[in-house]
Structure formats: structure tokens, C-alpha cells
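Colleague: Could you take me through the ligand site in this one, slowly? I'd like the contacts and the pocket around them.

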Amino acid sequence: EKEGYDHFMLKEIYEQPKTILDAMRGRINSKDSRVALRGIEEYANRFVRADRIIIVACGTSYHSGLIGEYLIEDLARIPVEVEYASEFRYRNPILSERDIVIALSQSGETADTMAALELAQRKGAMIYGIVNSVGSSIARLTDAGSYIHAGPEIGVASTKAFTGQVTVLSLLALTLARKLSTISNTYFQRLVSELELIPGKVEEALKANDHIKYIAGEIKDHHNALYLGRGYNFPVALEGALKLKEISYIHAEGYPAAEMKHGPIALIDENMPVIVVATNKSAYEKIVSNVQEVIARKGRVIAVVNQGEEAISNIADHVIEIPDTEEPFSPLLSVIPLQLLSYHIAVELGRNVDQPRNLAKSVTVE
Ligand code: F6R
């Protein structure tokens, strides 16, 4: 079943060009510049009139939710909040019929996410699911939704479900942007064409595997790691840190790069690997200076950059290159090397990659 791969996690990482394509199948067509999510079409009025979208999820799905917030606010200009389902359900949230609550879940069985949706439904909000497991509890409960069609995810550490969720959230943001005319036709068309190129670019990003394996060997004996990113890549930093913690048991934290100077910079010395996602165009100069700050304190920098980048490549200890894309889609590419890096570190340390200690694939108790 592993089809020649040593672990399900590696197989699932490598499946992503296909699973991202599957998440888009029948939903996007750049030739006639069309994006359509059926679940949205059915409830188009609710979405167009929505005061607010609230995304609830746990773990990795929460991180894709954060990317969803950036996408929907940036492109469709609807206010979005993202909450851990476990917090949302117990804090007496304010909700009305003009709110839409979107749950993100690979398994569709996560107890806290399910309970958050039930609460939202009782309060009259429309509930929407972005789920992988067909026919799961969350899929059955929601008013409408979109499957991500990633196929079964066996490795406990979520990889292809994350990129599948981000793909569907991209389609959702584009669908709403079209309906609300919040972006120009030219920009819309450019984004639609670019999204179709993402599976091929993921394939390209996977080619850095051997180099990433080498870097893993260099940093595997550290006890801590810091992940930094800005904008669309801040949630990717959180996800990179979670992947490392889960399967290698190395302590890691993700931070917005500019928050570093408000505390975590005190941790930086030659024993602290700092993984910087430095692909954002809009914040590029700022992230270059964040990297300089780390290096000035002898931190060891592993940078994920776009092909041909120079400023950071010249000063970082290790550089991983990925293809360029439109900024809203950069997480779909920048997360790939971070998945591979955690994988190889965990393998080098002899960890049980597919079934890390203390973790279950779906958390059906709160
Ligand atoms: C991370 C991981 C967990 C899940 C979380 C939510 O790799 O596996 O953090 O993402 O338990 O699970 P779902 O998406 O099934 O609701």
C-alpha cells in the first residue's frame, strides 16, 4: 500500500501534485475563466450577504483555516475569524443568521470541531464543511460543503489534507471574489491560470528532496527550532513547527517573523536553527532584514526562497528553492519543503513517522 515509499507520510507528501489537482477537478477552468464550488452556488445568497465568516478547526486544519482568513479577506473582502474549535465552543460566542461557520477537518470526526458546528447551528448560523472523509459526521451535519478529495490519509501527520484544504479555500475565495466583484477581471484571470499551474509547481518543489534530506542531517541533533514567516506564510511557519514537533519530538515554535523582536529573539544563538519562509513578495525586504537580525545573533538560518533569489541565499546557512507563484498561493508550495524537512529529521532520529507516540489520527474525544 505504501507503493514503494518507506512511509505513508512520504507517499502522501509525494501525492500532492495529484491531490491538489483532484481538489480542483471540475471546479476551475482557466480557458473560460470559471471557478465554481457547487456548495457555494447552492447557498450563494447566504455567502454574498454574510456579515462574517468564522472558521473553526483543530491542529493542522486550524493552520489551513488561517490561510483561508488571509485568502478570503484579501480577495473577497468578507471579514473572517479563525478559532480553535475547542475554544470557540466554550466561550459563548456571538453568532447570528448572517454568519457562516466553516469547519475544516480531514477526518470529519474531530469531537471539538463537531461540537463547535452544533453550537453554531443552534444559534442559527449557516454551517459549511471542508472535509476529506466522505460521509463522515461533520460532512453529514453541515448544510453544505466541499470535499477535498485527497483520498485516505494514513500518516498521522497531516500533509495532503492540508494542501487540499488550502486549495479548496483558494477556490472558495476566488468564487466569492467573482460574485462580489472585489478584484479586477485581469487579476481574477491571472489567479485562476496560476492556480491551475500549482500541481506542476509542487512537483518541481519536491525535487529539492535530496537537498532537504542533507539539511535534515545537519539539524537533527538540535533540541529546538524556530519557524518564521510573514503574511500568507505565517500560518505555514506554524504548520512547519507543528509537523516537526509531532513526528520528531523536537520542540519547535512558529512565529510571525516581525514578532521575533518582541521576545523569541532572546532564544537565538548558534544552537537555534531558524527556518525562514521567505517567499512573500510584498514583505520581501522586511523578511531580509529579519534574517539579518537572526544571523547577527549567530542563529543558523535555513531559508525557503524562490528560485534565483540572492539576498537571503547569500547569507543563509542552507537554502531551499521553490518555484515562484502569485502570493495568495505561496503556502501551497512553501509548505512542501517543511513537510519533507520534518519527515527526514524524524527518520534520521529513528522515530515512528507514521504513528508518532501519544497521537491518534482522529481525535474523537475532547
Ligand atoms: C496534525 C494532525 C492534527 C489534526 C487535528 C485535526 O498533523 O494530524 O493536528 O490536524 O487533530 O484533525 P481533523 O482535520 O481530522 O479534524
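Modeller: Here is a walk through the ligand site, starting at the ligand and working outwards. Keep in mind that this is a predicted model.

Let's begin with the shell. There are 13 residues around the ligand, and the closest are S61, S105, Q106, S107 and T110. Three serines from that set make polar contacts through their side chains. For S61, a polar side-chain atom comes 2.6 Å from an oxygen atom of the ligand. S105 also has a side-chain N or O atom at 2.6 Å from a ligand oxygen, and for S107 the distance between a side-chain N or O atom and an oxygen of the ligand is 2.7 Å. As for how covered the ligand is, on its own it would expose 410 Å², and the protein buries 90% of that area.

Now for where the shell comes from. Two elements, α5 (59–76) and α12 (234–248), each put two or more residues into it. Of the elements, α5 makes the largest contribution, with 3 residues. Sorted by class, the shell holds 8 polar residues, 3 nonpolar ones and 2 charged ones.

Stepping back to the pocket, the ligand sits in the largest one. That pocket has about 510 Å³ of space, and 25 residues line it. Nearest its centre are C58, G59, T60, K361 and V363. The elements giving two or more residues to this lining are α5, β5 (99–105), α7 (111–122) and α12, so you'll recognise α5 and α12 from the shell around the ligand. By class, the lining of the largest pocket splits into 10 polar, 9 nonpolar and 6 charged residues.For context, there is also the second largest pocket, with about 180 Å³ of space. Its lining includes D22, R25, R27 and R38, along with G145, S146, Y147 and H149. Here the elements supplying two or more residues are α3 (38–42) and β7 (144–147), and β7 gives the most, with 3 residues. The class split for this lining is 5 polar, 4 charged and 3 nonpolar.

To pull the ligand site together: the ligand lies in the largest pocket, the protein buries 90% of its area, and S61, S105 and S107 each place a polar side-chain atom by a ligand oxygen.

Notes: Residues numbered from 1 in each chain as written. Predicted model: local features only at pLDDT ≥ 70, side-chain atom pairs only at ≥ 80, totals over all residues. Heavy atoms only, no water. Near = heavy atom within 4 Å. Polar contact = N/O pair within 3.5 Å; in protein donor to acceptor, adjacent residues only side chain to side chain. Areas by Shrake-Rupley, 256 points an atom, 1.4 Å probe, with all protein chains shown as cover. 1 Å grid on protein atoms, 1.4 Å probe; cavity = no way out; pocket = protein on both sides within 12 Å on 5 of 7 lines; lining within 4 Å. Sits in = over half its atoms within 2 Å of the grid points. Helix = DSSP H or I, 4+ residues; strand = E, 2+ residues; numbered from the N terminus. Nonpolar A, V, L, I, M, F, W, Y, C, P; charged D, E, K, R; others polar. Points joined across faces, edges and corners; volume = space filled by probe spheres on them.
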